[in-house]
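Biologist: Please take a close look at one part of this model for me, and then follow its neighbours outward step by step, explaining each term as you reach it.

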Amino acid sequence: MSFDVMFSPMKIGTMEVKNRVVMTAAEFSLGQMNGEPTERMINYFEERAKGGVGLIIPGICRVNDMAAASTFTQLSMSRDSHIEPMREMVNRIHKYGAKLCIQLHHPGRQGYCSSINSLPLLMPIEKRIPKITGVLFKATPLLLGMEQKKICMSQQAPSKCELSAHGAMRIHAMSKHEVQKLRDDFIAAAVRCKKAGVDAVELHSTHGYILHQFLSPNTNRRTDEYGGSFDNRLRFITEIINGIKEQCGKDYPLIVRLTVDEFYDKIGMPEKGYHLETGIEIAKRLEALGVDAINVSSACYDTYNYWLEPTSFEPGWRAYLAKAVKEAVNIPVIAANFIRSPEQAERQLEEGYQDFVGSARNFICDPYWAKKAQEGHPEKIRRCIGCLHCIKSFINNAATKGTPGECALNPAVGIEKEYASMQKTGSGAAVAVIGAGPAGLTAAITLARRGFAPVIFEKESEAGGQVNIAAAGPFKDKLHWAVEDLQREAEELGVEIRLNTEATADMLKELNPAAVVLATGGTPVRPQSIEGINGENVVTAPEILLGKKVIENSRVVVVGSGLTGLETTEKLNELGNKVTVIEMADKIAGAAWFQFVDDSLSRIKPYRTEFMLSTKLLSVDSDGVTVENKKGGKEKLTADLVVLSMGVRPNNALLKELEGAGIKCVAVGDADRGGTIGNATQSAFHTAMSI
């Protein structure tokens, strides 16, 4: 398939973009506390420009250091001293024919109170003692803990309203002076961007941040000229747009990233916020104000899964939003629309859904996504699987370490130059990798790039390991893309993969490897201390997910409410079973990333599954289980089948055997400790780099 439309040029105002491919904004914590780009950040975006992206929009750029920070290491254009450092990033991106647009942002009620007024105090310390950054970040758990207890300053918001599902613990309604001061901050930041040679600016009026908050009747309950009616709710962004056009010139390209549907109806609250009809009216008003393009998005932090989709969502599910806007305006429409393939992108362009195809995660996962498509090799693209390791790692790392986010399938994120110039010190030495799941494949790819000759031993007839189980869950088939793409990459690098081959000490001695990487995954926990745990009516979650055990229209007890337990429950529900889930903790899937929990529960809820929290499994017999609650009360639950989803324990018995035979061996992924695909691949990469 050719991609003629996607790789044709198009203008946004006076700015001509060489193709229709846009890297939309995603903050990854690659900057400095003072808001300047680091060399690491510039390398990161330069790699995407080199990879063929036409327009790059980096993550959130603050317009004010006092109260507008979302992370300590995001970009800033709040001061004139930011102009020259930004010019360097512009020049580096321009080398490859790409354009740069800076996204101007303020978090409002979704910001962290701990960031208020803290940057002006921390930046001088960082400047004098650069290495103190790590020490400073060790204090953030304390700051966040104080925030949770509401021992913190209040974050700016258009008005008093309920707190966001994720964000500030205290908010206050902005005074008119604060509103107008922030308006001027946005305008001044845009002026600095133009002076730095930035090709365009984007106002971040989506995902529940402050510009979006002013637009929404759910968060803007003001009674002055900045709230109430539709016109008044648009007044704040109108004044910003008019100010930018006046001070930067009407020909300076201005984009608005806009939530056109808050999607509160998706979480059972249709009376809240605004819907598509209002979103279209806002887009039309923005066009009339002289905005040069609308970057269509949706939702906010309260409806997180409807702008940052997890694996289960269907690619293109919200393309209708962009099409509705495109039919209503005569300026270019950019939209992400959960695009996962060049074929999908080209189809949506051809069918008139949008003018530019946007994505952040595609280009995080594979910086050369566009170039591979343009050169006729879309099959070589490393596909994003929607595992959300990027957002999870970013939030955890940015908040407590000051380190960047990660990608589950691209270990080069944040170290692009080092990865490209990786020293080939392997000298062709053999290295054995035992297990062909994501951890084993990642280890082998890394070792091959370092000049080793990896051999993978896989006892099963296909690669995949634990992912084959995870991908068998409802709507999780995209997870298997990780295995397909990693296996293809490994084979292209000359890695030998021996399927149906269980490694033994003798086999490895014959290979005489420089090292052995154990990536044998984990096995389901089945506590032998529990009476009846080995009964005929007891199975493990993988047996249900893989279809090895099928039960219909029966009573089932699932032990454990982690993600695997929830996915197993979904499958059992679909087969007409009445399911009860027992969980020792006081929270469903407490260790799991909240988006996946919300996603699964949205499908489980209609089946009226019973969840018994703070409940311990005591014993199993032929007609059910006996459980104990936290007060010591015991109860018998009748069940035809008991499904164990109590986690996995490392499958690393071979480790001691090999060490006993004098063979150096190191465990990675679930063979070391249980975790996600991202945890497994990151541990495999770092281990392979240390060999």
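Modeller: What follows starts at one helix and then passes through its surroundings to some charged pairs.

This is a predicted model, in which local features need a pLDDT of at least 70 and side-chain atom pairs count only at pLDDT 80 or more, while totals for chains, interfaces and linings use all residues. Residues are numbered from 1 along each chain as its sequence is written, and side-chain values use heavy atoms, with hydrogens and water left out.

The part to begin with is helix 9, which covers residues 235-248 and so counts 14 residues; helices (H or I, at least four residues) and strands (E, at least two) are DSSP runs, numbered from the N terminus. From its first C-alpha to its last, helix 9 reaches 20 Å, close to the 20 Å expected at 1.5 Å a residue, where the expected span is 1.5 Å times one less than the number of residues. Its buried residues are F236, I237, T238, I240, I241, G243, I244, K245 and C248; here buried means under 20% relative accessible area, exposed means over 50%, and partly exposed lies in between, with a 1.4 Å probe and protein chains only. These buried residues pack against several elements, including helix 6 (176-195), strand 10 (200-205), strand 11 (254-259) and helix 10 (276-288), and contact of this kind means heavy atoms within 4.5 Å. After helix 9 comes G249, whose phi is positive, near 100°.

Helix 6 is a natural next stop, since it is one of the elements that helix 9 packs against. With 20 residues, helix 6 should span 28 Å at 1.5 Å a residue, and its end C-alpha atoms are 29 Å apart, which agrees. Among the buried residues of helix 6 are V179, L182, R183, D185, F186 and I187. What covers the buried residues of helix 6 includes helix 2, strand 7 (99-105), strand 8, strand 10, helix 7 and helix 9. Just after helix 6, G197 takes a positive phi of about 90°.

From strand 8 we can move to the loop between strand 8 (155-157) and strand 9 (171-173), where S159 is found. S159 has a relative accessible area of 5%, so it is buried. Leaving out residues up to four places away in sequence, S159 touches I171, A173, T219, N220, R221 and R222. The side chain of S159 reaches the backbone nitrogen of R221 at 2.8 Å, a polar contact, which is a pair of N or O atoms within 3.5 Å; within protein, one must be able to donate a hydrogen and the other to accept it, and residues adjacent in sequence count only if both atoms are side-chain atoms.

Helix 2, another of the elements covering helix 6, leads to the charged pairs. Side chains of opposite charge can pair when their charged atoms come close. A salt bridge is a side-chain nitrogen of Lys or Arg within 4 Å of a carboxyl oxygen of Asp or Glu, and the structure holds 38 of them. One of them joins R92 to E46, with the closest N and O atoms 2.9 Å apart. Because R92 lies in helix 2 (residues 83-94) and E46 in helix 1 (residues 39-50), this pair ties together parts that are 46 residues apart in sequence. Both R92 and E46 are buried, and they belong to a network of salt bridges that links E39, E46, E88, R92 and K95.

A second salt bridge joins R48 to E416, where the closest N and O atoms are 2.8 Å apart. R48 lies in helix 1 and E416 in helix 16 (residues 416-420), so this pair ties together parts that are 368 residues apart in sequence. R48 is buried, with a relative accessible area of 0%, and E416, at 6% relative accessibility, also counts as buried.

A further salt bridge, between E492 and R488, has its closest N and O atoms 3.4 Å apart. E492 and R488 are separated by about one helical turn because they are 4 residues apart in helix 19 (residues 480-492). Here E492 counts as partly exposed at 48% relative accessibility, whereas R488 counts as buried at 17%.
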